[in-house]
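Trainee: Could you take me through the place where the ligand sits, slowly and in one go? I would also like to hear about the sheets elsewhere in the chain.

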Amino acid sequence: MKDLSPGTLVAILHEMFGFFLWILLGVAALMLVFGVVFLFQRRRFRQNRLQVVLIAATAIGIGAVLIAPMLTNASFANIHGLLDWASLGAIALIGFASVLWMAYIGLSRPDRRPLRTEP
Amino acid sequence: MDKPRLRRREFLASAGAGLIAATLPLSGAANAVRTKARIVIAGGGAAGLAVASRLAAQLDGAEIVLIEPSEEHFYQPGFTLIGAGVKPASYSVLKTKDYIAPDVRWIKERVAEFDPEGNKIVTESGTALPYDFLVVTTGLALDYAAIVGMDLSLIGREGIASVYAGPTYAEASWRALAAFAGTGGTGLFGRPATEMKCAGAPLKQAFLADDYLRRNGTRAKSKIVYNAHNQTLFSVPLVDAKVRELFQRQEFETNFGHVLSAIDPARHIATYATPSGPIEMKWDFINVIPPMRAPAAVRKSPLRWQSGPFAADGWLEVDRATLRHSRYANIFGVGDINGVPKGKTAASVKWQAPVAVDHLIGTITGKGSAERYNGYTSCPLITKIGQAMLVEFDYDNNLTPSFPFIAPLEEHWIPWVIKEKVLKPNYTAMLRGLA
Ligand SMILES: Cc1cc2nc3c(=O)[nH]c(=O)nc-3n(C[C@H](O)[C@H](O)[C@H](O)COP(=O)(O)OP(=O)(O)OC[C@H]3O[C@@H](n4cnc5c(N)ncnc54)[C@H](O)[C@@H]3O)c2cc1C
């Protein structure tokens, strides 16, 4: 596993996912571009939507943690030490952040309310 | 309808691989060295395919010939997972043709004779192939016949397991292990006294059996006996100490200086050669790992070590840093065939292939090469289903962890994930010369 350069990493991911990797990377790139563009606009969630999004993101984050060991033929009993818990934490965070990001792109609307100015 | 879809998938796969190749430094066709050199690669396993891919990417105009008899390529590190019931036999079976670079000519034969004085090899059908450079990548031969009474057809029966023989044998071994875990009893483990590939595998298999016995509630009425061939459990002292600690924790019985010499399947009796004479032990389950030697074609050739520890089993005489033959400057060795300390893993192949290729190309260009192989070997040492230690080391027994955040001698889930999910794609990327 020594010397895991970005090129090597892409080659390994390509062996894992085949052509689907390029679709995944394309979608991720689009999400990134839209996300960054939207960040420069003023956008907002409707209050009730924001709550649903946060609940969904949390559920996906927790769900990812719960199924990750099973997807590797392991169980929670095998999680041992800081490394494993930190990795599960990262999985939860990635799940949570991805849902939030997707929701931001798909569900947020331009904020057309006038900017409040000082009298 | 089926065929075009397959073709399309193949096209997409190779298009993807090409796209990656184009982004990697080694493949720049513009930087390729122009040459008319004739290069023969003897053996198309992990090492042969990796070397062929790298040479094809870095040379322009060379005649690269790969000699490999088998249409099936086995991802051998998967055998342990098959033998543990985690993966089916098909997990390890790949097609050789899928990993041969387009500019490489494949001869589906076996090398019968090496003639380094005449700069040629002769195949089994009698075809002579002259070369300017030869890369020997034949791997090693499993010598089951050296164990009296042992026969491949016994694997999976009479409590006999042996994952080394191939994927279907690994699956049969799993059946034997599952039956043993159900009933409990005495399990015998050990390793041969010869050099061997993946020296961690015998330990992993003992740990896995222990795990299954515990899961089945039969551990209390069972005995795990590990018969080490010499006075250590692992050749790297730090790892040896750790394995001893784990063996104690798991209550394994350990004997040193015991080498399996014969089995009697009808009576379930194994005979071990020990310093104080032969000893018999009864088994309910036995994990047989055969002695390993260089394949006959190399063993009987002038390419073998002439003296020293690697002479008896006919290993290839190469310089351990440059992997160039010590007596024939246009011959290199990569992989299990090399008579070097340690280094009989796919992880070693990954580090040896670029070194040997760089020296070969450096000879063509006259520029030489400063690349050195330091003996890097890696072994995800499984200690139970779902946990492993990522043990990596070099010729000098230094631990050489790839990731500073993974302690090499601690059992974690993440090294297991690496073994279970990452190593195979890493391996196939290596075959394509991309890792
Ligand atoms: C049970 C098991 C577990 C393992 N676990 C790991 C692990 O966890 N990590 C790891 O890194 N490695 C592991 N390995 C080791 C790894 O698989 C080998 O070290 C690696 O395959 C060596 O590559 P090679 O090309 O030298 O030999 P091989 O891959 O065996 O290929 C040799 C090729 O040469 C061909 N050949 C033989 N004789 C001739 C001839 N006369 N002419 C032409 N061709 C010939 C054969 O057909 C074969 O295709 C494991 C191996 C086993 C068996």
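Mentor: Sorted by character, the residues of the shell around the ligand are 14 nonpolar, ten polar and seven charged. Please keep in mind that this is a predicted model. In total, 31 residues surround the ligand. The closest are B:Ala47, B:Glu68, B:Val111, B:Asp336 and B:Ala347.

Now let's look at some polar contacts. For B:Gln76, an N or O atom of the side chain is 2.9 Å from an oxygen atom of the ligand. The side chain of B:Lys419 also offers an N or O atom, at 3.0 Å from a ligand oxygen. With B:Thr138, a polar atom of the backbone lies 3.2 Å from an oxygen atom of the ligand. How much of the ligand's accessible area does the protein cover? On its own the ligand has 1,000 Å² of accessible area, and the protein covers 92% of that.

Which elements give two or more residues to this shell? They are α2 (46-58), α3 (79-83) and α8 (346-365), which belong to chain B. The largest share comes from α8(B), with three residues.

B:Val111, one of the closest residues to the ligand, gives us a way on to the strands, since β8 of chain B covers residues 111-115. This strand runs antiparallel to β9 (residues 120-123) of chain B, and four bridges join the two. One of the bridge pairs is B:Asp115 with B:Lys120 in β9(B). Between the strands of this hairpin there are four residues, and B:Asn119 takes a positive phi near 50°.

Next come the sheets. In general, strands of a sheet pair through backbone hydrogen bonds, in either a parallel or an antiparallel way. Chain B has an open sheet of five strands with parallel pairing, in the order β13-β20-β14-β15-β16. At its edges are β13 (160-161) and β16 (253-255) of chain B, each pairing on one side only. Further in, β14 (residues 186-190) and β15 (residues 223-227) of chain B are parallel partners over five bridges. Across that pairing, B:Phe189 stands opposite B:Tyr226 in β15(B). Helix α5 (residues 201-215) of chain B lies across β14, β15 and β20 (285-287) of chain B. Its direction makes an angle of about 175° with β15(B).

Finally, there is an antiparallel example to set beside it: an open sheet of three strands in chain B, ordered β17-β18-β19. Because β17 (259-264) and β19 (279-282) of chain B each have a single partner strand, one side of each is left without a neighbour in the sheet. From one strand to the next, the twist averages 30°. β17(B) pairs with β18 (residues 269-273) of chain B over five bridges, in the antiparallel sense. To find this pairing on your screen, look for B:Ala262, whose bridge partner in β18(B) is B:Thr271.

Technical notes. Residues are numbered from 1 along each chain as its sequence is written. Chains are lettered from A and ligands numbered from 1 in the order in which they are written. This is a predicted model: local features need pLDDT of at least 70, side-chain atom pairs count only at pLDDT 80 or more; totals for chains, interfaces and linings use all residues. Side-chain values use heavy atoms; hydrogens and water are left out. Two strands pair if DSSP finds at least two bridges between them. Contact means heavy atoms within 4.5 Å. Axes are lines fitted to C-alpha atoms, for helices over the stretch in contact, and angles run from 0 to 180 degrees between N-to-C directions. A residue is near a molecule or strand if one of its heavy atoms lies within 4 Å of it. A polar contact is a pair of N or O atoms within 3.5 Å; within protein, one must be able to donate a hydrogen and the other to accept it, and residues adjacent in sequence count only if both atoms are side-chain atoms. Accessible areas come from the Shrake-Rupley method with a 1.4 Å probe; for residues, only the protein chains shown count as cover. Ala, Val, Leu, Ile, Met, Phe, Trp, Tyr, Cys and Pro count as nonpolar, Asp, Glu, Lys and Arg as charged, and the others, Gly among them, as polar.
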